[in-house]
Amino acid sequence: MSYISIVIPTFNSEKTIERCLATILEQSFTDYEIIIQDGQSTDNTLAIISKFKDSRIRIFSEKDSGVYDAMNKSMLRTKGEWLYFLGSDDSLYDSNVLETVYRKLIITTAS
């Protein structure tokens, strides 16, 4: 089980998904999984994601009714203790973001 499940809903995100994934995979904290919930993209989104050879990335491509439907579907597939939703056009600020989140969660849950 991963500590953090990062959920990324996608649909035709070829212009942004590579940077999004790169900023996750460069994190100093590594106890996470990435769930890509794709709405059957018709561009190169899935091909770009497939270039990342990392066992923490799981891809699901199926028809959905929009971003919130994709988020709901992906929640059933997560194995992490915590969920982190990230837009496919977003990126993490630096390589320590997940480490900072983890430390805050540990302090909060220990109280």
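In this short talk I will go from the overall fold to one helix, one buried glutamine and a few aromatic side chains.

Please keep in mind that what we are looking at is a predicted model. The protein has four helices and four strands, and if you follow the chain along the sequence, these elements come in the pattern β-α-β-α-β-α-β-α. Its radius of gyration is 14 Å, close to the 13 Å that the globule rule gives for 111 residues, so the protein is as compact as a globular protein of that length. The C-alpha trace spans about 45 × 25 × 20 Å along its principal axes, and buried residues account for 37% of the 111 residues. If we take the contacts between residues at least 6 apart in sequence, 73% of them join residues at least 24 apart.

Let me turn now to helix 1, where the buried residues are Ile-17, Cys-20, Leu-21, Thr-23 and Ile-24. These residues cover an arc of only 160 degrees around the axis, which puts them on the same side of helix 1. As for what lies over them, the cover includes strand 1, strand 2 and helix 2.

In the loop between helix 1 and strand 2 we come to Gln-27, and here I would ask: is Gln-27 buried or exposed? Its relative accessible area is 4%, and because buried means under 20%, Gln-27 counts as buried. A polar atom of the Gln-27 side chain lies 2.9 Å from the backbone oxygen of Thr-23, and the Gln-27 side chain also reaches the backbone nitrogen of Val-97, at 3.1 Å. Leaving aside neighbours within four places in sequence, the residues in contact with Gln-27 include Tyr-32, Leu-92, Asp-94 and Leu-98.

Finally, the aromatic side chains, for which the count comes to three aromatic pairs. One of these is formed by Tyr-3 and Tyr-102, in an edge-to-face arrangement with 5.1 Å from centre to centre and 80 degrees between the planes. This pair links distant parts of the chain, since Tyr-3 sits in the segment before strand 1 and Tyr-102 in helix 4, 99 residues apart. Tyr-3 is buried, with a relative accessible area of 10%, whereas Tyr-102, at 26%, is partly exposed. Together with Phe-29, these two tyrosines form one aromatic cluster. Another ring to look at is that of Phe-60, where Arg-77 lies over the face, at 4.1 Å from the ring centre.

Notes: Residues are numbered from 1 along each chain as its sequence is written. This is a predicted model: local features need pLDDT of at least 70, side-chain atom pairs count only at pLDDT 80 or more; totals for chains, interfaces and linings use all residues. Side-chain values use heavy atoms; hydrogens and water are left out. Rings of Phe, Tyr and Trp (its six-membered ring) pair if their centres lie within 6.5 Å; planes under 30 degrees apart count as stacked, over 60 as edge-to-face and the rest as tilted. Helices (H or I, at least four residues) and strands (E, at least two) are DSSP runs, numbered from the N terminus. Buried means under 20% relative accessible area, exposed over 50%, partly exposed in between (1.4 Å probe, protein chains only). A charge sits over a ring if NZ of Lys or CZ of Arg is within 6 Å of the ring centre and within 35 degrees of the ring normal. A polar contact is a pair of N or O atoms within 3.5 Å; within protein, one must be able to donate a hydrogen and the other to accept it, and residues adjacent in sequence count only if both atoms are side-chain atoms. Contact means heavy atoms within 4.5 Å. The arc is that of the directions from the helix axis to the C-beta atoms. The radius of gyration is taken over C-alpha atoms; the globule rule is 2.2 Å times the number of residues to the power 0.38.
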